[in-house]
Amino acid sequence: MGLEYVRISPGFERYMPKDYVDLVKYGQFGRQMDVQQLGQFKELVEEHPMCAGCFMAYFIRVFYAALPNPEDTIVIGTAGCARLALSQAAVPFIYGNYGDTNAVASGLKRALTIRFPDKVKDVVVMAGDGGLIDIGFGMTMHSWFRREKFTTIMVDNEVYGNTGGQESGMSPKGVQLKMAPKGKQFDKINAVELAKVAGCVYVAKLAPTNPKRIAKTIRRAVLAARHFGPTFIHAYTSCNIEYSIPTEKVLEDARKREKQDFGFYEWMTDEVKEYFEELERKPEEVRT
Amino acid sequence: MPEQRVVDADYLLLEAPRERKFITGAQAMAEAVKRANVDIAIAYPITPQSEVMHLVGDLWAQGYLKDYYRAEEEYGAMSAIAGAVRGGARAFSATSGPGLLRGIEAIASWPGHRIPAVLGVLTRVVNAPLSIQPDNVEIAYLLNCGMVVLHAENQQDVFDFTLASFVISEKVDVYIPVAVCTEGFFVTHAKGYVNMTPEDMKLPPRDPYKAPVPPTDCEIPPARIQRDAPVQKSNFMSYLIHAVWQQEVWSSNIRAMKYIYKYLGGPIEVVNPDAEVFVVASGCAAAQGREAVRYAQMEGLNVGLVKVKSIRPFPEKEIREALSKAKAVIVPEHNIVGWLAREVKAVLPNNDRVIGGPRVYGGMTLPVELIMEKVYDAFGIKKQKKVVV
């Protein structure tokens, strides 16, 4: 149904904002875009107030371009940097209380399943390390234990960027940050392994240096969640402000971290693997 | 389960035949949920609420609800309710004392998100030292959330208030959550007579498109919901938008009053309106206030009762009118802080008439003799002998 609500009633085109008309005419609704074509189509997110050189903003841009069914997708975020861009996309966005994304997503996904049993409605959580693995830890884990059918994407900037640079559970051990005046005292939490153990059917970890790979990972995570159960992507999205990474060195830093500890990693259940083998032989059927 | 047919809400609440049953307050709340056509209930156990959510789970197992699960903890339960309601479902949960406080950040955001959910609050001690007994200090924490807050005296009220709450909360000009409070154990685990609507009738389903804030379900525009996100524009803009929105939430709260009149017979009940001295009470304390009126009549003392059913919206005008000629106003409560006495004092002229107390807390019962002591004081009677029973 999603497409119906983005279509403009005949005769009203001239009265609609140009931005909206462009979205319908040249955007992703009803079409599958190739992220290699970024810049050649009307994107779901364009304006945002994130810092110059923010790697998270770049990841979010690619994320929206990669959604398999944006007209029937709802994104849930929490307080923090990511939601500054998420809330400005042409995809419905829910902003709950801090750390409660996966609980809200559980209720939302179940409500949509009750109301639209024969339709596909994708729910995607995108939140930071603080929202998902610190404050919202219990709710993140339990949504996975319950096998809720939505995707969780952690944009890991290894810090509470939005509140001014406090350590998080995902900050590397030893790094000195506000509230870690003697350096962080314990190791970075292994979120990917936790996700596997907790019941995710598809898990990936990446430093988003390759847009085609990001897109494939996101599409796989959303499709696997739609059919099989919870999925999780752990993406390194540096905070160039708190970690003092010069704007022009942001990609260089991501490549360095990719070699160091964020090498591409993907894991899925046999069932999901079979599904993708079948599906990706017929790419035109990726969309439902 | 019996086949349930959808009937008009006004018919179900006001006209449908009723059958008398002798049941607990927890059963009464679950029986109301059974007739409310609820889509999803999300539970987390805490004594003495657990009985309600256990019974509601049984209803799901029987097919009365479409979904039900035990959440990770109360914050997760209340956040999931927000998600489910924003997705267009009709949702219910219940909680008690510390559980309510654990979930209160999420609950406090419901009215602002325009979440028409119904929350059972089966009251319990909050503060240390630990006790699982009834004490309604937690209602004080709900009063400033923006939600409608009803306080049930007995099992009948629990049934009526809960069923009506689903209808009231989804009225287009209200569209905020409703809390149905009652004292844990005293009401939830004790039996009373309840006149119930037939179990083969249920409310019409929720229509989420008949709403001031539409559901987030990708079925209706706008696609781009926050291009000019208020928080990002400037602090001034953010403050302004928040302020206007809060005003609207509280206006919605006030607009609930007409439905409280329609479905619950008004926000207060007055017994012996020409009395000189009044007991003003809500919840279980109202039952003891009723007893005090009976005692006083036997002693020839002209005492009345104002039972407050709706704490939010607070019946300011109604209480002022009912107590316009009262010499003294006694406010017994099941909590130490005396939140109801504060509310009553705030709306009455010459409020030195208001006697805050007696108060019991920590789960203790409220002996009618304690209220009578205040009654004698109000009449200037020095009493040596025991009251007539």
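The residues of helix α14 of chain B that are buried (under 20% relative accessible area, with exposed meaning over 50% and partly exposed in between, for a 1.4 Å probe and protein chains only) are B:Val368, B:Ile371, B:Met372, B:Val375 and B:Tyr376. They lie on the same side of α14(B), because they cover an arc of only 145 degrees around the axis, the arc being that of the directions from the helix axis to the C-beta atoms. An α-helix has 3.6 residues a turn, so residues three or four places apart point the same way. This is a predicted model, in which local features need pLDDT of at least 70 and side-chain atom pairs count only at pLDDT 80 or more, while totals for chains, interfaces and linings use all residues. Residues are numbered from 1 along each chain as its sequence is written, and side-chain values use heavy atoms, with hydrogens and water left out.

Among the elements of chain B that cover these buried residues, by contact (heavy atoms within 4.5 Å), are β12 (277–281), α11 (284–298), β13 (303–308), β15 (328–333) and β16 (354–359); helices (H or I, at least four residues) and strands (E, at least two) are DSSP runs, numbered from the N terminus. The end C-alpha atoms of α14(B), residues 368–379, are 17 Å apart, which agrees with the 16 Å that twelve residues should span at 1.5 Å a residue, the expected span being 1.5 Å times one less than the number of residues. After α14(B) comes B:Gly380, with a positive phi near 70 degrees.

Elsewhere in chain B, helix α2 (residues 25–34) meets helix α3 (residues 50–62) through B:Ala26, B:Gln27, B:Met29, B:Ala30, B:Val33 and B:Lys34 on α2(B) and B:Glu51, B:Val52, B:Leu55, B:Val56 and B:Leu59 on α3(B).

Conventions. Chains lettered and ligands numbered in written order. Axes fitted to C-alpha atoms, helices over the stretch in contact; angles between N-to-C directions.
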